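Work through these exercises with the sequence and the 3D view side by side. Try each task before you read its solution.

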Amino acid sequence: MLSPSQSAEENVLRPIPLADDLTEPYWSAAREGRLVIQRCTNCGNYQHPPRIYCSSCQEGALEFSAVSGEATVYSYSKVVEANTPGLKPPYAVIFAELVEQAGLWILSDCPGDFEIRVGDPLELSFQEIREGVVLPQFRPVGYQTLQ
Ligand SMILES: [Zn+2]
């Protein structure tokens, strides 16, 4: 039940990812606090999000491989007005490049208003958004929200 000071909008839950056969290893690893990325056993190419064949050599020999969690900011967008159900601004959407391979990108969001620049180093964390639903997330090293 909503108190008089709460709006229905504040109680909207964030959309959750739905795992399928292709992505389940990624989400299972996240629940265990590990980041795994699909990798081709033929040519060694990493790719994300998962696909049924390698985007480099077109082979279907793929496995999930643990990565370091080290990344840098490739691009970002600060969000100051509510536009996604369940995500309360301010926050940043970060397009991160994993150190394992040039052009290996992963999307993340990070709550609050904070300093961020293209090229900044990022650190990995895991956010449980609902019971059993864990998102790998990135935030700037030394992350600190502005007052
Ligand atoms: Zn390949």
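The exercises below go from the whole chain to single residues.

Two ground rules come first. The model is predicted: local features need pLDDT of at least 70, side-chain atom pairs count only at pLDDT 80 or more, and totals for chains, interfaces and linings use all residues. Residues are numbered from 1 along each chain as its sequence is written.

**Exercise 1. Confidence and overall build**

Task: State the mean pLDDT of the protein, then give its numbers of helices and strands.

Solution:
- Step 1. pLDDT is the predictor's confidence in each residue, from 0 to 100. Its mean here is 92, and 93% of the residues reach 70 or more.
- Step 2. Look at residues 1-6. There the pLDDT is below 50. Two residues are in contact if their C-beta atoms, placed from the backbone, lie within 7 Å. Beyond near neighbours in sequence, this stretch has three contacts in the model.
- Step 3. Helices (H or I, at least four residues) and strands (E, at least two) are DSSP runs, numbered from the N terminus. The protein has one helix and eight strands. Along the sequence the pattern reads α-β-β-β-β-β-β-β-β.
- Step 4. Add the dimensions. Along the principal axes, the C-alpha atoms fill a box of roughly 60 × 35 × 25 Å.

**Exercise 2. Two domains**

Task: Find where domain 1 and domain 2 lie in the sequence, and describe their contact.

Solution:
- Step 1. Domain 1 covers 18-67 and domain 2 covers 68-140. Such bounds come from an automatic or database domain assignment.
- Step 2. The C-alpha centres of domain 1 and domain 2 are 20 Å apart.
- Step 3. Eight residues of domain 1 contact 14 residues of domain 2.
- Step 4. Sort the domain 1 side by class. Five residues are nonpolar, two are polar and one is charged. (Ala, Val, Leu, Ile, Met, Phe, Trp, Tyr, Cys and Pro count as nonpolar, Asp, Glu, Lys and Arg as charged, and the others, Gly among them, as polar.)

**Exercise 3. The sheet around strand 1**

Task: Give the strand order of the three-stranded open sheet, and say which strands are at its edges.

Solution:
- Step 1. Two strands pair if DSSP finds at least two bridges between them. The order is 2-1-3, with antiparallel pairing.
- Step 2. Strand 2 and strand 3 are the edge strands, and each pairs on one side only.
- Step 3. Count bridges. Strand 1 has five to strand 3 and two to strand 2.
- Step 4. Find partners. C40 has L62 of strand 3 as its bridge partner. Q38 stands opposite Q47 in strand 2.
- Step 5. Check burial. A residue is buried if 20 or more other C-beta atoms lie within 10 Å of its own, exposed if 12 or fewer, and partly exposed in between; C-beta atoms are placed from the backbone. V36, Q38 and C40 point one way from strand 1, I37 and R39 point the other way, and all are buried.
- Step 6. Inspect the hairpin of strand 1 and strand 2. Five residues lie between the strands, and G44 takes a positive phi near 85 degrees.

**Exercise 4. The largest nonpolar core**

Task: Which residues of the largest nonpolar core touch the most other members?

Solution:
- Step 1. A nonpolar core is a set of buried Ala, Val, Leu, Ile, Met, Phe, Trp, Tyr and Cys residues joined through C-beta atoms within 7 Å. The largest one has 17 residues, and I94, A96, L98 and F138 touch the most other members.
- Step 2. Strand 5 gives the largest share of this core, four residues.
- Step 3. Each of domain 1 and domain 2 supplies at least three residues of the core.
- Step 4. Follow A96. Beyond its neighbours within four places in sequence, its contacts include V73, W105 and F138.

**Exercise 5. Exposed residues and cis bonds**

Task: Is R31 buried or exposed, and where are cis peptide bonds found?

Solution:
- Step 1. R31 lies in helix 1. R31 is exposed, because 12 other C-beta atoms lie within 10 Å.
- Step 2. R31 and L135 are 104 residues apart in sequence, yet 8.0 Å apart in space, C-alpha to C-alpha.
- Step 3. One cis peptide bond joins H48 and P49. Another joins P89 and P90. P90 lies in the loop between strand 4 and strand 5.
- Step 4. Q58 has a positive phi near 70 degrees. Q58 is exposed, because 10 other C-beta atoms lie within 10 Å.
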